[in-house]
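User: Got a minute to go through this one with me? I'd like to start with who touches whom.
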Amino acid sequence: MKLLNLMLALILALFSAVTFAQAININTASAEEMEKGVIGLGPTKAAAIVKYREAHGPFKSVNDLTKVTGIKDKALESLLADKRNQLTVGEAASPAMPAVPAKPAMPAVPATPAMPATPAVPAEPPKQ
């Protein structure tokens, strides 16, 4: 019974991994990300895509991948035919900038002065 439950859990995990696969933006993904995330794309073609993008700027559509050396129409069709490959083109990565302008630093609050110590009460002189 435990083996059956384990196998069922494994099957469900595999299906959910395919279902919830993230789309790969060919304008921002590294060669390693493309190689691991796009089924049928090896390290040579992934590196060629990044090299082309760096030399010619961002892709305008997924079909522009045919301009990359080594990727022909048939190769692109086979990449897109696999429904697990979710290739997108978004805006090219822009330089990192904070989304919200930083607030000016608040001036330091002066420390509250310490309370003076209570004066010591003189001890009574010893009685003789």
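Analyst: Sure. A contact here means heavy atoms within 4.5 Å. And keep in mind that this is a predicted model.

User: OK, so which residues does F59 touch, leaving out those up to four places away in sequence?
Analyst: F59 touches I26, N27, I49, Y52, R53, D64, L65, V68 and V89.

User: Is F59 buried or exposed?
Analyst: Buried. The cut-off is under 20% relative accessible area, and F59 has 5% relative accessibility, so F59 counts as buried.

User: How many aromatic pairs are there?
Analyst: One aromatic pair. The partners are Y52 and F59, with ring centres 5.6 Å apart.

User: And why is that pair called stacked?
Analyst: Planes under 30 degrees apart count as stacked. The planes of Y52 and F59 are at 20 degrees, so this pair makes the cut.

User: N27 was on that contact list too. Where is N27 found?
Analyst: N27 is in the loop between β1 (24–25) and α2. N27 has 6% relative accessibility, so this residue counts as buried.

User: What does the side chain of N27 reach?
Analyst: The backbone nitrogen of F59, at 2.6 Å.

User: Let's zoom out. How many helices and strands does the chain have?
Analyst: Four helices and two strands. Along the sequence the pattern reads α-β-α-α-α-β.

User: What about the core, how many residues are in the largest nonpolar one?
Analyst: That core has 19 residues, and M34, L41, I49, F59, L65 and L87 have the most contacts inside it. Helices α2 (31–37), α3 and α4 (73–81) each supply at least two of the core residues. The largest share comes from α3, with four residues.

User: And across the chain, what percentage of residues is buried?
Analyst: Buried residues make up 20% of the 128 residues. The accessible surface comes to about 10700 Å², with 65% of that belonging to carbon and sulfur atoms.

User: What share of the contacts with a separation of 6 or more comes from residues 24 or more positions apart?
Analyst: That share is 54%.

User: Now confidence. What's the mean pLDDT of the chain?
Analyst: The mean is 77, and 76% of the residues reach 70 or more.

User: Where is confidence lowest, and where is it highest?
Analyst: Lowest in helix α1 (residues 2–19), at a mean of 62, and highest in helix α3 (residues 43–56), at 92. Over residues 16–20 the pLDDT is below 50, and that stretch has one contact in the model beyond near neighbours in sequence. Residues 92–97 also stay under 50, with four contacts beyond four places in sequence.

User: Back to the helices for a sec. Which residues is E33 in contact with, beyond four places in sequence?
Analyst: I24 and T28. E33 sits in helix α2 and is partly exposed, with a relative accessible area of 44%. From E33 to A46 the C-alpha distance is 8.6 Å, although they are 13 residues apart in sequence.

User: Last one: where is G42 found?
Analyst: G42 is in the loop between α2 and α3. G42 is partly exposed, at 27% relative accessible area. The C-alpha atoms of G42 and A31 are separated by 9.3 Å, with the two residues eleven apart along the chain.

Definitions and conventions:
Residues are numbered from 1 along each chain as its sequence is written. This is a predicted model: local features need pLDDT of at least 70, side-chain atom pairs count only at pLDDT 80 or more; totals for chains, interfaces and linings use all residues. Side-chain values use heavy atoms; hydrogens and water are left out. Rings of Phe, Tyr and Trp (its six-membered ring) pair if their centres lie within 6.5 Å; planes under 30 degrees apart count as stacked, over 60 as edge-to-face and the rest as tilted. Buried means under 20% relative accessible area, exposed over 50%, partly exposed in between (1.4 Å probe, protein chains only). pLDDT is the predictor's confidence in each residue, from 0 to 100. Accessible areas come from the Shrake-Rupley method with a 1.4 Å probe; for residues, only the protein chains shown count as cover. A nonpolar core is a set of buried Ala, Val, Leu, Ile, Met, Phe, Trp, Tyr and Cys residues joined through side-chain atoms within 4.5 Å. A polar contact is a pair of N or O atoms within 3.5 Å; within protein, one must be able to donate a hydrogen and the other to accept it, and residues adjacent in sequence count only if both atoms are side-chain atoms.
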